[in-house]
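I opened this entry to look up two things, the salt bridges and the surroundings of the ligand. My notes follow in the order in which I looked.

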Amino acid sequence: MERDVIVACDFSGAEQLYGFLDKFTDRKPFVKIGMELFYAEGPQIVREIKARGHKIFLDLKLHDIPNTVKKTMAVLSRLDIDICNLHAAGATAMMQGALEGLTRADGSRPLLIAVTQLTSTDQETLERDLLINKPIDEVVMHYALTAKNAGLDGVVCSPLEAAKVHETCGRQFLTVTPGVRFAACDKGDQKRVMTPAQAKLAGSDFIVVGRPVAAAENPVAAYNRCVKEFIG
Ligand code: C5P
């Protein structure tokens, strides 16, 4: 799949979502649907967005026993989504089960990527709560490699980690990177950010942009700016 800008649709209901998507009359953005919207509106919202011509990253971050994840992925694969994800912490058998479940009868499947460590987890949390006594970037790279060896297509990571993930897992292994801002002074609650142009240079395959587009005075102009900087 081509490098692209993914717009995070972090809305709590269909009305807000459509109010936002209706603004895009020209290029239809690749959208990310998270737990909030999916749990509020159910799978029908995914079918409707797809019918409007958008590509979809369904960000549900599955993490359960292999059999449950496999069966859930089989259900999600019927939604005709383009990318979905899980937690690499679910380990190899769960990731392999997910791939099996996701693969349709004709052999096609959405891309499957892994969350390594949440960006809300820092070194202290890793050691204190998870009892993992290794540097966090080593842990992230190990989880990325485990995901790759399980057959997954890529990981969600910071744009600052994209180059190292590619070094560790190969250039073909996808990096999907949130934490994108137009300027460092506009970080919000994201701590480690890059501009779309910097993310491109860092080798990100997809950038995930939420508030810089959704909360912009002119969301379409902000989206077009991301596309211009990231894709050219
Ligand atoms: O508004 P903002 O650009 O910060 O939105 C980024 C999106 O990416 C949000 O939907 C957020 O939940 C998601 N995300 C993230 N960091 C991760 C994984 C997902 O910011 N590690």
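I began with the salt bridges of this predicted model, and by the rule I applied, a side-chain nitrogen of Lys or Arg within 4 Å of a carboxyl oxygen of Asp or Glu, the count comes to 13. I then looked up one pair by name, Lys70 and Glu100, whose side chains meet in a salt bridge with an N to O distance of 3.0 Å. I placed Lys70 in helix 4 (residues 66-77) and Glu100 in helix 5 (residues 91-102), so this pair ties together parts that are 30 residues apart in sequence.

I turned next to the ligand and asked which residues are the closest to it. I found 13 residues surrounding the ligand, and the closest are Asp10, Arg181, Gln190, Gly210 and Arg211. Sorting the residues of this shell by character, I noted 6 nonpolar, 3 polar and 4 charged.

I then went through distances from side chains to oxygen atoms of the ligand. For Lys32, I read 2.9 Å between an N or O atom of the side chain and a ligand oxygen. For Arg181, a polar side-chain atom lies 2.8 Å from an oxygen atom of the ligand, and for Arg211 I noted 2.6 Å from an N or O atom of the side chain to a ligand oxygen. I also looked up how far the ligand is covered: taken alone it exposes 470 Å², and the protein buries 83% of that.

Last, I checked where the ligand sits, and found it in the largest pocket. The elements that give two or more residues to the shell around the ligand are strand 8 (206-209) and helix 10 (211-214).

Definitions and conventions. Residues numbered from 1 in each chain as written. Predicted model: local features only at pLDDT ≥ 70, side-chain atom pairs only at ≥ 80, totals over all residues. Heavy atoms only, no water. Near = heavy atom within 4 Å. Polar contact = N/O pair within 3.5 Å; in protein donor to acceptor, adjacent residues only side chain to side chain. Areas by Shrake-Rupley, 256 points an atom, 1.4 Å probe, with all protein chains shown as cover. 1 Å grid on protein atoms, 1.4 Å probe; cavity = no way out; pocket = protein on both sides within 12 Å on 5 of 7 lines; lining within 4 Å. Sits in = over half its atoms within 2 Å of the grid points. Helix = DSSP H or I, 4+ residues; strand = E, 2+ residues; numbered from the N terminus. Nonpolar A, V, L, I, M, F, W, Y, C, P; charged D, E, K, R; others polar.
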